[in-house]
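Reader: I am in my first year and would like a close look at one part of this structure, taken slowly. Could you pick a single pair of residues, start from how they are placed along the chain, and then work outwards?

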Amino acid sequence: MQRGALLDAARTLLSEGGTEALTFPALAERTGLARSSVYEYFRSRAAVVEELCAVDFPVWAAEVEAAMERVETPEAKIEAYVRQQLALVGDRRHRAVVAISAGELDAGAREKIRAAHGGLIAMIVEALAGLGHEQPRLAAMLLQGIVDAAVRRIELGAAEEPTQITEAAVAMVLGGVKG
């Protein structure tokens, strides 16, 4: 129960103020726990972020996968993959995943997160293979790079509306994968 409350408070803090806002005093204040109690559940800020990713990333990935399963063609699957990820940018769970900084996590945590991210990329490999790509995994990683750039642009509150960024990313991805 307390652990869940701490994770929910961490999501809110990350959503409101980014990684700088995620502190043990802030977690204690949000949950009504003593600061020392927070340390009973998590040894560091990085441990909080790591657990958030372990809990939230699978849910987020399942939503992307579900969007892809609702359509038939490889192009439609690729479009759903991009659109769903960008639609989730405002979601607090997504904020927790995006908030991860390699400098804040130990090597083991970074490896777990890389593996989870690899699972996301694996979702799109089959659709790219269906389009005849000779190196669908490489194409998937490059495609994800476009998605990641669009996520950062939306997260920064860029001059363009999120819908404009999404449409541009979808057009770029589909234009690129059809080559």
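Author: Asp8 and Arg11 lie 3 residues apart in helix H1, so about one helical turn separates them. In general, an α-helix has 3.6 residues a turn, so residues three or four places apart point the same way. In this predicted model, Asp8 forms a salt bridge with Arg11, and their closest N and O atoms are 3.9 Å apart, which falls inside the limit because a salt bridge is counted within 4 Å.

The two partners can also be described by their accessibility. Asp8 has a relative accessibility of 34% and counts as partly exposed, whereas Arg11, with a relative accessible area of 12%, is buried, because buried means under 20%. Arg11 has company in this respect, since the buried residues of H1 also include Leu7, Ala10 and Leu14. Salt bridges with shared partners join Asp8, Arg11 and Asp56 into one network.

The helix that carries the pair runs over residues 2-17, and its 16 residues reach 22 Å from the first C-alpha to the last, close to the 22 Å expected. Just after H1 comes Gly18, which takes a positive phi of about 75°.

H1 also holds Arg3, whose side chain meets that of Glu51 in a salt bridge of 2.9 Å, N to O. This pair links distant parts of the chain, for Glu51 sits in helix H4 and the two residues are 48 residues apart. Arg3 is partly exposed at 32%, and Glu51 is likewise partly exposed, at 21% relative accessibility. Across the whole structure, a search finds 6 salt bridges.

Definitions and conventions
Residues numbered from 1 in each chain as written. Predicted model: local features only at pLDDT ≥ 70, side-chain atom pairs only at ≥ 80, totals over all residues. Heavy atoms only, no water. Helix = DSSP H or I, 4+ residues; strand = E, 2+ residues; numbered from the N terminus. Expected span 1.5 Å × (residues − 1). Buried < 20%, exposed > 50% of the residue type's maximum accessible area, 1.4 Å probe, protein only.
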